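Subject: Structure handover, with notes on pockets and cavities

Hello,

Here is the structure for you to look over. My notes follow below it.

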Amino acid sequence: MRLLTLARDLRRRKARERAHHFVAEGVRAVDALLQSPIVVRGALVAPQLAGTARGEALRAALAGRGVEVQEVGAREFASAAETDSPQGVLAIAEVPQHGWDEVVAGSGTRVLALDAVQDPGNAGTMVRTGAAFGAAAVVALPGTVDLWNAKVVRSAMGAQFTRAVFATTWDALDRWRSANGVTLWGADAQGVPLPALRSEIPGRLALAVGNEGAGLTAEARRRADRLVSLPIEGVESLNVAVAAGILLYELRA
């Protein structure tokens, strides 16, 4: 029952940080994980995975990678799963050790910084959106949900398995920006509307997006070279993941 015990333990952030392991749950997430260079330590499989072509293909892929598989009952699996309707497969893998030293700042570099973003679905969506629009990294600043939370991993749909995604501090971001000449813009409803800044978009840019309810933290506001907004009508605000996606699209090099 070693893998089952570990999977249950990894539901807690402190356990993930201590062990440097995370859980990928569901057929799509596990399949994407197996296609990445990340080290997979083991997998749990429940009866509901059997009987489908995708399930059988995934079992074969696990075997092909030489991954240890533990068969468990539906109730045991549910005790380790984070979803309400689990698909019967989860994998345990090593958290890749990314950092600022691998984020190369060149012409057109974009970095997405999550500033106290707390909803796992939003965070995962922004990891995926950052990958889609060519962000060199998506980073979690203090107060942000763990980017290796199982719900974040599921929402990101494999995007963080091949991209630079990691937690950082404001001081570390400051040092990287200073060494590489990177401007920081913060997304804020009271900021300058983006269309008015077309001619001023920096070549090297980090974009900070804030908490779902409170917006940017004081730390972000103090450091931001400029606050920017999206001109919207008929509503007070946009979901942070939606806003981040539009901004990244408009700010792409």
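One definition before the results: Ala, Val, Leu, Ile, Met, Phe, Trp, Tyr, Cys and Pro count as nonpolar, Asp, Glu, Lys and Arg as charged, and the others, Gly among them, as polar. The model is predicted, so local features need pLDDT of at least 70 and side-chain atom pairs count only at pLDDT 80 or more, while totals for chains, interfaces and linings use all residues. Residues are numbered from 1 along each chain as its sequence is written, and side-chain values use heavy atoms, with hydrogens and water left out.

**Overall**

The protein has 10 helices and 10 strands. These are DSSP runs numbered from the N terminus (helices are H or I, at least four residues; strands are E, at least two). Its radius of gyration is 19 Å, close to the 18 Å that the globule rule gives for 253 residues, so the protein is as compact as a globular protein of that length. That radius is taken over C-alpha atoms, and the rule is 2.2 Å times the number of residues to the power 0.38. Along the principal axes, the C-alpha atoms fill a box of roughly 55 × 40 × 30 Å.

Of the 253 residues, 49% are buried. Buried means under 20% relative accessible area, exposed over 50%, and partly exposed in between (1.4 Å probe, protein chains only). The protein exposes about 11700 Å², and carbon and sulfur atoms supply 50% of that. Areas come from the Shrake-Rupley method with a 1.4 Å probe; for residues, only the protein chains shown count as cover. Take the contacts between residues at least 6 apart in sequence: 80% of them join residues at least 24 apart. A contact means heavy atoms within 4.5 Å.

**Cavities**

The search runs on a 1 Å grid over the protein atoms alone. A cavity is a set of points where a 1.4 Å probe fits but cannot get out. A pocket is an open set with protein on both sides within 12 Å along at least five of seven lines. Lining residues have an atom within 4 Å of a point. Grid points are joined across faces, edges and corners, and a volume is the space filled by probe spheres set on the points.

There are two cavities of 30 Å³ or more. The largest has a volume of about 40 Å³. Its lining consists of A7, L10, R11, R16, V23, A80, E82, W148, N149 and A150. By class, that is six nonpolar, one polar and three charged.

The second largest cavity holds about 30 Å³. V127, G130, A131, A135, A137, V138, R163, A164 and V165 line it. Helix 6 (120-132) and strand 6 (137-140) are the elements that give two or more residues to this lining. Helix 6 gives the most, with three. The lining residues divide into seven nonpolar, one polar and one charged.

**Pockets**

The largest pocket has a volume of about 620 Å³. It is lined by 24 residues; A187, D188, A189, S237 and L238 lie nearest its centre. Strand 8, strand 10 (226-229) and helix 10 (240-251) each supply at least two lining residues. Helix 10 has the largest share, with four residues. The classes are 13 nonpolar, seven polar and four charged.

The second largest pocket holds about 300 Å³. Of its 16 lining residues, E17, V95, D146, W148 and A167 are the closest to the centre. Helix 2 (13-19) and strand 7 (165-167) each supply at least two. Here the split is eight nonpolar, four polar and four charged. W148 also lines the largest cavity.

**Local details**

Helix 3 (residues 27-34) has V27, A29, V30, L33 and L34 as its buried residues. Their cover includes strand 1 (21-25), strand 2 (40-45), helix 4 (53-64) and strand 4 (89-94).

Two residues are worth a look in the viewer. R223 is found in helix 9 (residues 218-223). R223 is buried, with a relative accessible area of 13%. Leaving out residues up to four places away in sequence, R223 touches W170, D171, D174, R177 and L184.

E200 is found in the loop between strand 8 (183-193) and strand 9 (205-209). At 39% relative accessibility, E200 counts as partly exposed. With the same sequence neighbours left out, E200 touches W185 and R226.

Best regards
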